[in-house]
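Trainee: I would like to learn how to read a protein model step by step. Could we look at one together, beginning with its strands?

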Amino acid sequence: TGRHRGNRRRLLMALDVPQERGLGHLDQRYLDGLEVCRFPLLPFLQPLPLDWMYLLYAIMFLGALGIMLGCCYRLSCIAFLCPYWYLLLLDKTSWNNHSYLYGLLGFQLALLGADRYGSVDGLFRPQKRNAHVPLWNYALLRAQVFIVYFIAGLKKLDADWVGGFSMGTLARHWLFAPFRLVLSEELTSRLVVHGGGLMLDLSAGFLLFFDATRTLGLVFVTYFHCMNSQLFSIGMFSYTMLATNGLFCRPDWPRGLLARCPLWLQDWLPSTEAPQPSPDCHYGGQGGIRPRQHLAAAFTILYVLEQLFLPYSHFITQGYNNWTNGLYGYSWDMMVHSRFHQHVKITYRDGLTGEVGYLKPGAFTQSRRWRDHADMLKQYSACLSQLLPRYNITQPQIYFDVWVSINERFQQRLVDPRVDLVRAPWSPWTPTPWLLPLLVDLSPWRQRLQELEAQLDGHTDAVFIADFPGLHLENFVSEDLGNTSLRVLRGKVVVELVEQQQNHSLQVDEGMQLPAGQYHKVHTVSPEPSCYMYLYVNTTALELERNLTRLQELQERVRNGTEQSPLPPELRPILGEPPPAGIPLDPVVSLFLRREQREQRRERESSLAQRLRRFLHRKFFLFRRSALMTLIALRNLALGRPSPERLAQEVTFANWRGEEEAWPKTSGGDKRGPEL
């Protein structure tokens, strides 16, 4: 959908707007912060120039390093905390529960005495060296981690999670192969993925809190987070949660661990002697409690109550509620909702001429999070209305048509496509009027949809659509989809074939073939929402797969000697021979060779040692790029920016990933590394 013809209609693509990849795109408009749509939480928050942003990253890194070493501890906390929350509030599209948790932990550490043992500050300030830490410090951190687990478990009591629809395909992952030896894939998903995740989140905090069950809790949560590190791309969250396990153990466990080290090594390690008293602590029988300690106790109680209330505060900020409540970030509803976007169309209309055009989804921004949130759609439309006049589109009106399925439901619209979002009302305190409701009445259909998909052969795909009365879906059937049909499951629709100027009325269980290479419109004319499905076969992909299978069989016959006729010259490369001079390599043969190389590489790199090597390789070049880009930015601030050609070479060198990237060959055919 979204492809249109005609003189009055034109497709406005990305307009040469560079994507947001640091200095990788040296477009001056991007470097100056122009023509990039952003999504700050507070409208007055704006990013600094790019080089200054890298300086901010460097300050935040030094702050984190200072916290870890206990060096200039309070100053380091401020150096980390202020830039971190600025960056977090600057871009809502990067919000998630994990990044929000890091900000909370940074805030707590700024108030705690986490520099009393094994710290650099303790070397120069004897009153801090090996001193007691108030118990409310531990209580605050433990309560925060407990809330993360327990609230996540309460959120998983959602009917979609309990029914096994939130992570329906996760059971196919190789990590669950041992469970699939005794359970079917459906039972593995229902009992292990969903049931196990629910029970672990609800019980993890309690298991870790009590001495009698702590060992069992440590085993479960360690296994859980190690699995998550392989299942999801969630950055450092799994390792952060593993590190928090030690908070629930006795406070003196590091001291006992170091006491087991050899004597010659203990001289270089933090002290194993009993800690000295601290003025921040209250010891029974030594006077009354000071006001500062009363304040600390009150703060701890209020903070914990606030953290318990905030995940359920969405009745206040109703403008941020969509099909799910609130911004995805502070609710601890991790993995409860999975989305699949079938189609996103952005239409603009010139306010003076009435000319209609179409934007490529994601133009002027690299993020895709805006597709699911009404507040970000409003911000995106406002940004587009300011940028499009530079391309001779006056007083633009912006319309979004977002089709999304949540937790294996029908694909349906998120917002009303008839509303101009530039002028549409939005408030953080009231419900969004142009947001269409989730068709929860159709949720029981999910079981039937799974049954319908199970009846399809391996080459036929299905898309299930639900639409509101009075609306229509305009769709284009690609010529690659030579066998596409539509079948009505509920309600009544009228299918309009645009080029043939024909209308076909369809009711429940009726269907029709759709012509390839043409547009059609599906109008919902029943008083209730209509449900229908597309059945299609990608004939081009099917033919390609058949050709690859024939090449595979031919290769096997030649190698085992059962092929009698000689291979033609254009097929000799499948045996490892170079292509004949002057004859271009057949595209199908080229694809076959690439697929074979991937399979061989996968077999070679499937061992644990190879996976560890790839992991370390990626991390090394990630930190390498961060360090080099920061140095480039600091140099630019101190000495000025060099020529674009020089800057492009430096950025290319910073982005280099070693053997994973192919560099241009010299005239002699040798590979060259990046040059500055």
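Trainee: How many bridges join strand S9 (residues 493-497) to S12, and in which sense do the two strands run?

Mentor: The general idea is that strands of a sheet pair through backbone hydrogen bonds, either parallel or antiparallel. In this predicted model, strand S9 and S12 run antiparallel and are joined by five bridges. You can find one of these places by looking at Glu496, whose bridge partner in S12 is Lys521, and another by looking at Val495, whose bridge partner in S12 is Val522.

Trainee: Which residue in S12 is the bridge partner of Leu473?

Mentor: The bridge partner of Leu473 in S12 is Val522, a residue that is also the bridge partner of Val495. Leu473 belongs to the pairing of strand S7 (residues 472-476) with strand S12 (residues 519-524), where five bridges join the two strands and the direction is antiparallel.

Trainee: What is the order of the strands in the sheet that holds S7, S12 and S9?

Mentor: The order is S7-S12-S9-S10, in an open sheet of four strands with antiparallel pairing. S7 and S10 stand at the edges with a single partner strand each, so one side of each is left without a neighbour in the sheet. From one strand to the next, the twist averages 20 degrees.

Trainee: Where else can I practise reading an open sheet of four strands, and what is its order?

Mentor: Look for the open sheet with the order S6-S13-S8-S11, in which the pairing is again antiparallel. Its edge strands are strand S6 (460-467) and strand S11 (511-514), each of which pairs on one side only. Direction ignored, neighbouring strands of this sheet are turned by 25 degrees against each other on average. Inside this order, strand S8 (residues 484-490) and strand S13 (residues 530-537) pair in the antiparallel sense over five bridges, and the bridge partner of Leu486 in S13 is Tyr534.

Trainee: How should I read a backbone angle such as phi, and what is the value for Gln501?

Mentor: As a starting point, most residues other than glycine have a negative phi. Gln501 has a phi near 55 degrees, a positive value in a residue other than glycine, and its place is in the loop between S9 and strand S10 (502-506). Trwo cases can be set side by side here, since Trp332 has a phi near 60 degrees, also a positive value in a residue other than glycine, and is found in the loop between helix H14 (291-309) and strand S2 (339-349).

Trainee: Is Trp332 buried or exposed, and is Gln501 buried or exposed?

Mentor: Here the cut-offs matter, because buried means under 20% relative accessible area and exposed means over 50%. Trp332 counts as buried, at 0% relative accessibility, whereas Gln501 counts as exposed, at 73%. For the chain as a whole, buried residues make up 43% of the 676 residues.

Trainee: How many aromatic pairs does a search of the whole structure find?

Mentor: The search finds 24 aromatic pairs. In one of them, the rings of Phe620 and Phe621 have their centres 5.0 Å apart and their planes at 85 degrees, so the pair is edge-to-face. Phe621 is buried, with a relative accessible area of 10%. Elsewhere, ring pairs link Phe39, Trp370, Tyr380 and Phe400 into a cluster.

Trainee: Which charged residue lies over the face of Tyr312?

Mentor: That residue is Lys155, at 4.5 Å from the ring centre of Tyr312. The charged end of Lys156 sits over the ring of Trp161, 5.0 Å from its centre.

Trainee: Where in the chain is the confidence lowest, and where is it highest?

Mentor: Confidence is lowest in strand S1 (residues 9-12), at a mean pLDDT of 30, and highest in strand S5 (residues 412-413), at 96. Over residues 1-33 the pLDDT is below 50, and over residues 661-676 it stays under 50 as well. The chain averages a pLDDT of 85, and 91% of the residues score at least 70.

Terms used: Residues are numbered from 1 along each chain as its sequence is written. This is a predicted model: local features need pLDDT of at least 70, side-chain atom pairs count only at pLDDT 80 or more; totals for chains, interfaces and linings use all residues. Side-chain values use heavy atoms; hydrogens and water are left out. pLDDT is the predictor's confidence in each residue, from 0 to 100. Contact means heavy atoms within 4.5 Å. Rings of Phe, Tyr and Trp (its six-membered ring) pair if their centres lie within 6.5 Å; planes under 30 degrees apart count as stacked, over 60 as edge-to-face and the rest as tilted. Buried means under 20% relative accessible area, exposed over 50%, partly exposed in between (1.4 Å probe, protein chains only). A charge sits over a ring if NZ of Lys or CZ of Arg is within 6 Å of the ring centre and within 35 degrees of the ring normal. Two strands pair if DSSP finds at least two bridges between them. Axes are lines fitted to C-alpha atoms, for helices over the stretch in contact, and angles run from 0 to 180 degrees between N-to-C directions.
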